[in-house]
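Student: I've got a protein on my screen and a pile of labels to go with it. Can we go through what earns each label?
Tutor: Sure, pull it up and ask away.

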Amino acid sequence: MKAIAWIKYGAPEVLELRELEKPTPNSDEVLIKIHASSVTAGDCRLRAFKIPMGFWLPTRLVFGLTKPRNQIPGMDISGEIESVGKAVKLFKKGDKVYGTTGMKLGANAEYTCLSENSALVKKPNNITHEQAAAVIFGGLATIHFLRDKANIQKDQKVLVNGASGAVGTASIQLAKYFGAEVTGICSTSNIELVESLGAKKVIDYTKEDFTKNKEVYDVILDAVGNLSSLQCKESLAKQGKLILINTGLLTNLLSIARKNIICGVAGESKESLDFLRERVEAGDIEAVIDRTYPLEQTAEAHRYVDTGHKKGSVVISVEHKEI
Ligand SMILES: NC(=O)c1ccc[n+]([C@@H]2O[C@H](COP(=O)([O-])OP(=O)(O)OC[C@H]3O[C@@H](n4cnc5c(N)ncnc54)[C@H](OP(=O)(O)O)[C@@H]3O)[C@@H](O)[C@H]2O)c1
């Protein structure tokens, strides 16, 4: 099968298109024919090994000390079940599925195998595979941080920093679904996008500093990584929650002692993916796709995501040439 081989940590050039052996499912696994995957900010951080301070060693231990343990990068997938192992009960050949390979990686390829119990569920039926792959990264992060950790409530005031990225575009839509009043922070060229997704107010970070406008929010989600609890002090309500999703070990340790600071890593589960599918099918969340690249140009997609200025998601489309 065609796949992207990830030979070492470094610049996008470490990613090469190769012919690798097609995997075979174990008895509890399904073989997925991948139609679309993605390149996320997380994938690029891992490739270049730009990891928040203090997490270098634990992350290397998981993903490979001297070089990547998993030969193929990528996490988000949308595709269909090609075959199932003997003991598989939840899926059958032909099922259309979406999900994440998580720390196992392997998404930027024509095929992958996953346990039937992994974060894999039925794909939303009203969108393409490309759109399904696009909603996963931001969707799972925002469900974890806004719904599960901050327990977002109707009529709360929510501020999203980095509103035009994958996490930001999903956060605006999910916060609006929960009945919150959302303010998004983005640059001038993204104001229209952020408003169209449901932000009631938009702050242009090139012109205004939100910490000086005297507004107070119940939840502040920083998806950029340039905010601190000190900076947000005046802007956060007394019982307010500050979500810092892109921060080093020290702040993570501080968040254990401070109940109003939320850090950590978003998890993945069938429940979250099902919830995301329901939101997509109900029209509460739509995919925001900036660019789509063919599998062969995955390194190019990494180069673009590395700029830090994508809007929503970057998708990898996988074409299967029938022989
Ligand atoms: N902890 C976790 O579990 C977890 C989960 C998911 C993601 N993350 C992390 O969260 C971060 C965000 O992920 P993402 O996928 O949303 O990233 P992304 O899509 O790459 O973010 C790019 C967006 O950020 C905007 N941006 C850049 N500088 C900004 C600034 N100073 N103020 C406001 N917006 C700014 C850009 O807009 P302009 O072009 O207009 O500047 C662009 O639209 C990444 O570092 C990722 O690794 C962590």
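**What earns each label**

Tutor: Let's begin with the largest nonpolar core, which has 90 residues, and V135, V158, V160, I220 and I243 are those with the most contacts inside it. Keep in mind that this is a predicted model.

Student: What makes a set of residues a nonpolar core?
Tutor: Its members have to be buried residues of the nonpolar kinds, joined through C-beta atoms within 7 Å. In soluble globular proteins, nonpolar side chains tend to be buried together.

Student: Which element gives the most to this core?
Tutor: That's α3, with 11 residues. Both domain 1 and domain 2 take part, each giving at least three residues to this core.

Student: What does V135 touch, apart from its neighbours in sequence?
Tutor: Leaving out residues within four places of it, V135 is in contact with A170, L276, V280, I285 and A287. Contact here is a matter of C-beta atoms lying within 7 Å.

Student: You mentioned domains. Where are they?
Tutor: The domain assignment gives domain 1 as 2-135 + 288-317 and domain 2 as 136-262. Taken over C-alpha atoms, their centres are 27 Å apart.

Student: How do you know that domain 1 and domain 2 are in contact?
Tutor: By the residue count: 18 residues of domain 1 are in contact with 17 residues of domain 2. On the domain 1 side, α1, β5 (96-100) and α3 (129-149) each supply at least two residues. That side divides into eight nonpolar, seven polar and three charged residues.

Student: And the ligand: which residues come nearest to it?
Tutor: There are 29 residues around the ligand, and S164, G165, A166, S187 and H309 come nearest. α1 (41-48), α4 (166-177) and β9 (181-186) are the elements that give two or more residues to this shell.

Student: Which domains does the shell around the ligand draw on?
Tutor: Domain 1 and domain 2, with at least three residues from each. By class the shell has 12 nonpolar, 14 polar and three charged residues.

Student: Now the sheet. What makes β10 and β13 edge strands?
Tutor: Each of them pairs on one side only. The order of this open sheet of six strands is β10-β9-β8-β11-β12-β13, with parallel pairing.

Student: How do you know that β12 and β13 pair?
Tutor: Pairing takes at least two bridges, and two bridges join β12 (residues 236-244) to β13. So the pair meets the cut-off, and the two strands run parallel. One bridge there links L242 to I261 in β13.

Student: What about β8 and β9?
Tutor: β8 (residues 157-161) pairs with β9 in the parallel sense over five bridges. K157 stands opposite E181 in β9.

Student: Why is β9 called mostly covered?
Tutor: Five of its six residues are buried, where buried takes 20 or more other C-beta atoms within 10 Å. Set α2 (residues 56-63) beside that: of its eight residues, the count of buried ones is zero, so α2 is called hardly covered.

Student: Why is D290 called partly exposed?
Tutor: D290 has 19 C-beta neighbours inside 10 Å. Buried needs 20 or more and exposed means 12 or fewer, so D290 falls in between and counts as partly exposed.

Student: Where is D290, and what does it touch?
Tutor: D290 lies in strand β14 (residues 289-294). Not counting residues up to four places away in sequence, D290 touches K310, K311, G312, S313 and V314. The C-alpha atoms of D290 and V314 are separated by 5.7 Å, although these residues are 24 apart along the chain.

Student: What makes the phi of F49 worth a look?
Tutor: The phi of F49 is positive, about 55°, and F49 is not a glycine. Most residues other than glycine have a negative phi. F49 sits in the loop between α1 and α2. With 14 C-beta neighbours inside 10 Å, F49 is partly exposed.

Student: And D155: buried or exposed?
Tutor: Exposed, because D155 has 9 C-beta neighbours inside 10 Å and the cut-off for exposed is 12 or fewer. D155 is in the loop between α3 and β8, and its phi is positive too, near 70°.

Note on methods. Residues numbered from 1 in each chain as written. Predicted model: local features only at pLDDT ≥ 70, side-chain atom pairs only at ≥ 80, totals over all residues. Near = placed C-beta within 6 Å. Helix = DSSP H or I, 4+ residues; strand = E, 2+ residues; numbered from the N terminus. Nonpolar A, V, L, I, M, F, W, Y, C, P; charged D, E, K, R; others polar. Domains from an automatic or database assignment. Contact = placed C-beta atoms within 7 Å.
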